Every structure is written in structure tokens, then in C-alpha cells.
Amino acid sequence: MGRRIGTFVASFIVWCLLAYPWSEAGGWDWQSIIVGLGAAALVAVILSDALALRPAKFLNPVRWFWAAVYLPVFIYYCIVANLHVMYLVLHPDLPIKPGVVKVKTRLVSNAARTALANSITLTPGTLTVDVTDDGYLYVHWLVVESAEMKAATEKIVERFEGWLERIIE
Amino acid sequence: MNEVIGFIIIAVGLVFDLFGCIGLVRMPNVYTRLQAATKCVTLGTCSILFGVLCITGFGPTGVKALVCLVFVAITSPTAAHAIARGSHKFGIHVHKDAVTDKYAEEIDDPSVVSSGSNDQEEGETL
């Protein structure tokens with residue numbers, strides 16, 4: 001039940017942001033709000049199993065604090081990744097050395113692993129290809145620095161693992 | 001003032017998008033192209049949307065841009081991941097002088113790996 005209510009509130013907030021049911025004059029657009037309540041209820045009934053949104057975890061302020069600290073770190077890595085791709089693309093010889101390496105993560109929950117895979121994809125030279133159930137990630141690396149699992153894990157995974165463990169795990 | 005900052009951010013985003021497109025043309029195969037496309041186009045598009053937010057402020061348009069920014073940032077790497085996994089399952093090889101391919105060694109059917117040396121041309125045309 002808590003999960004359903006969490007999904008309902010989250011979908012209603014997204015609806016409000018998209019439909020923006022209040023005008024400059026301060027009036028409410030009741031038509032839009034009623035339709036939004038109906039749509040959010042429908043999503044909560046149908047998709048509450050698909051979206052694992054646990055309110056107790058979601059509302060924990062400590063997690064939000066670490067998420068706010070993690071955001072600039074993530075944006076920094078994202079910009080570095082873009083400059084790296086720019087350098088490779090503009091270099092006349094195209095100095096790439098691609099390969100797929102295997103790395104291990106100690107994150108357990110699905111949400112945390114998804115966030116880790118997405119973070120890896122948006123950071124310099126790496127793209128997650130697959131995640132196995134027992135915690136291994138296959139990562140396509142544009143400029144392979146080491147094919148060994150331990151060294152690759154240190155270079156690719158460990159800069160995010162600590163953060164994501166505090167935020168989502 | 002906000003408008004000037006917003007237009008600068010939009011211009012930076014367009015430059016990132018441009019380099020993503022150049023990467024899409026210059027890179028040799030599907031995985032390296034995905035790398036260029038995902039990284040540059042995600043940050044480029046997010047910058048454009050953030051620039052829109054700076055210009056319009058937290059009004060109806062700006063909030064929509066913010067929501068779109070979050071969704072693009074979440075879905076774009078997920079889609080790239082799905083395409084990469086699909087191409088690997090389809091049998092496209094990483095590169096003709098790839099350093100290592102642990103995925104092919106451990107997950108794929110061994111016969112696909114051994115017969116794959118001439119598949120590289122196919123991978124390049126995709």
C-alpha cells in the first residue's frame with residue numbers, strides 16, 4: 001500500500017510539473033488537476049509493482065543530501081567525458097583502443113545498479129553493455145587502460161560506488 | 001542578465017551536439033559511435049534545456065524543460081546500453097584490433113566469436 005501511495009504522489013507531482021495547473025493570476029485549473037488525479041491513480045494501480053518506489057527510503061533527507069553533493073561531481077565527470085570525446089573526434093589519427101572489460105560492483109539493489117550503469121555510460125570513455133545478476137558489469141571502454149578486472153574496477157567503478165551506496169542502496 | 005547566461009549555455013550545448021554528430025560520422029563502428037552520440041548528445045541536449053530554463057525562469061515552459069532534462073538524462077544512457085547489448089547479441093564485434101572482449105569470451109556463443117573475423121565490415125556499414 002505504501003508503495004502505491006508513493007507511486008501515486010510521484011506521478012501526480014510529475015503531472016503537475018508538466019501540465020502546470022496554476023496561472024499567473026493565482027487561480028487553479030481544476031479541470032487539469034482532476035484529470036491528473038485520475039491519471040496518477042491509474043498509474044498507481046497498474047504500475048506499482050514495476051516502479052519500486054519505497055516512501056521510507058525515498059523521503060530520507062540524508063540520501064537527498066548526498067544526492068545534492070553527488071550532482072556536481074557527476075556533472076564534472078560528464079563535462080570531462082565530453083571534452084575527452086571532442087579530443088578523440090578532432091584528433092586526425094582517431095587514437096582509440098576499444099575493448100570490453102569486466103568489472104565488479106558491490107552494489108546490490110536494482111535501482112543502485114541502474115544508476116551506476118547510467119553514471120558509467122555518461123563518464124569518460126566508458127559504456128555499460130550488460131549487467132549480470134551476480135554483480136558483474138561488462139563495460140565498453142574507448143581507450144582501454146587495463147584489461148584486468150581489478151584494475152579496471154578501480155578505474156571505472158570505484159569513483160561512483162561510494163556515492164551511490166549512500167544515495168540509493 | 002539571465003537571458004545572456006541562458007543563450008551562452010544554449011550555444012555551448014549546440015557545440016557539444018555538433019561534436020557528437022561529428023563523432024557519429026568519424027568513429028569506426030557501432031560501439032564507438034554510441035559512445036560519441038550518447039555522451040555529447042546527452043550533455044548537449046541537457047544544456048539546451050537548462051538554457052531554456054535560465055531564460056524563461058520557473059514558469060510553465062521552464063519547468064517543462066527541467067522535467068525533460070531529467071528524463072533525457074535518465075533515458076539516453078539506458079537506450080545506449082540497450083543498443084550496445086543488442087548489437088553484441090547480434091554478433092557485431094567490438095573492433096578489428098580490439099584489446100580485449102570479455103563479453104564475447106564469457107557470455108556469447110563461442111562459435112559466433114570464432115567465425116567473426118570477417119564480420120567487421122558488416123559492423124562498419126551499420
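This dialogue reads a predicted model with a student, one feature at a time.

Reader: Where do the domains of chain A begin and end, according to the domain assignment?

Author: The assignment gives domain 1 as residues 2-57 and domain 2 as residues 61-167 of chain A. Taken over C-alpha atoms, the centres of domain 1 of chain A and domain 2 of chain A are separated by 33 Å.

Reader: How many helices and how many strands does chain B have?

Author: Chain B has six helices and zero strands, and reading along its sequence therefore gives the pattern α-α-α-α-α-α, where each helix is a run assigned by DSSP. Of its 126 residues, 44% count as buried. If we take the contacts in chain B with a separation of 6 or more, 62% of them are made by residues 24 or more positions apart.

Reader: How should I read a nonpolar core, and which residues touch the most other members of the largest one?

Author: A core of this kind is a set of buried nonpolar residues joined through side-chain atoms within 4.5 Å. The largest nonpolar core has 25 residues, and those that touch the most other members are Val101(A), Val103(A), Leu116(A), Ile120(A), Val139(A), Ile156(A) and Phe160(A). Two or more residues of this core come from each of helix 4 (61-90), strand 1 (99-104), helix 5, strand 3 (136-141), helix 6 (149-156) and helix 7 (158-167) of chain A, and also from helix 1 (2-26) of chain B. Helix 4 of chain A provides the largest share of this core, with five residues.

Reader: Which residues does Phe160(A) touch, not counting those up to four places away in sequence?

Author: With those neighbours left out, Phe160(A) touches Tyr70(A), Tyr77(A), Leu116(A), Ser119(A), Ile120(A) and Thr123(A). Apart from the largest core lies another core, of 12 residues, which includes Leu127(A), Tyr138(A), Ile92(B) and Val94(B).

Reader: How do I read a pocket, and which residues line the second largest pocket?

Author: The general idea is that rolling a probe the size of a water molecule over the atoms shows where empty space is left. In this structure the second largest pocket has a volume of about 210 Å³. The residues that line this pocket are Asn110(A), Arg113(A), Thr114(A), Ala117(A), Asn118(A), Val131(A), Thr132(A), Asp133(A), Thr78(B) and His81(B). By type, the lining divides into two nonpolar, six polar and two charged residues. Helix 5 (110-121) of chain A and helix 3 (60-90) of chain B each supply at least two residues of the lining, and helix 5 of chain A gives the most, with five residues.

Reader: Is Thr114(A), one of those lining residues, buried, partly exposed or exposed?

Author: Thr114(A), which lies in helix 5 of chain A, is partly exposed because its relative accessible area is 43%, a value between the cut-offs of 20% and 50%. Thr114(A) and Val131(A), which are 17 residues apart in sequence, are 9.0 Å apart in space from C-alpha to C-alpha.

Reader: Why does Phe16(B) count as buried?

Author: Phe16(B) counts as buried because its relative accessibility is 8%, and buried means under 20%. The place of Phe16(B) is in helix 1 of chain B. Leaving aside neighbours within four places in sequence, Phe16(B) is in contact with Asn82(A) and Met86(A), and also with Cys40(B), Leu43(B) and Gly44(B).

Reader: What does Thr42(B) touch, leaving out residues up to four places away in sequence?

Author: Thr42(B) touches Leu122(A), Ala37(B), Val72(B), Ala73(B) and Ser76(B). Thr42(B) lies in helix 2 (residues 30-56) of chain B and counts as buried, at 3% relative accessibility. The C-alpha atoms of Thr42(B) and Ser76(B) are 6.6 Å apart in space, although these two residues are 34 residues apart in sequence.

Reader: How do I read a phi angle, and what is the phi of Leu94(A)?

Author: Most residues other than glycine have a negative phi. Leu94(A) has a positive phi of about 55 degrees although it is not a glycine. Leu94(A) is found in the loop between helix 4 and strand 1 of chain A, and Leu94(A) is buried, with a relative accessible area of 14%.

Note on methods. Residues are numbered from 1 along each chain as its sequence is written. Chains are lettered from A and ligands numbered from 1 in the order in which they are written. This is a predicted model: local features need pLDDT of at least 70, side-chain atom pairs count only at pLDDT 80 or more; totals for chains, interfaces and linings use all residues. Side-chain values use heavy atoms; hydrogens and water are left out. On a 1 Å grid over the protein atoms alone, a cavity is a set of points where a 1.4 Å probe fits but cannot get out, and a pocket is an open set with protein on both sides within 12 Å along at least five of seven lines; lining residues have an atom within 4 Å of a point. Grid points are joined across faces, edges and corners, and a volume is the space filled by probe spheres set on the points. Helices (H or I, at least four residues) and strands (E, at least two) are DSSP runs, numbered from the N terminus. Ala, Val, Leu, Ile, Met, Phe, Trp, Tyr, Cys and Pro count as nonpolar, Asp, Glu, Lys and Arg as charged, and the others, Gly among them, as polar. Buried means under 20% relative accessible area, exposed over 50%, partly exposed in between (1.4 Å probe, protein chains only). Contact means heavy atoms within 4.5 Å. Domain bounds come from an automatic or database domain assignment.
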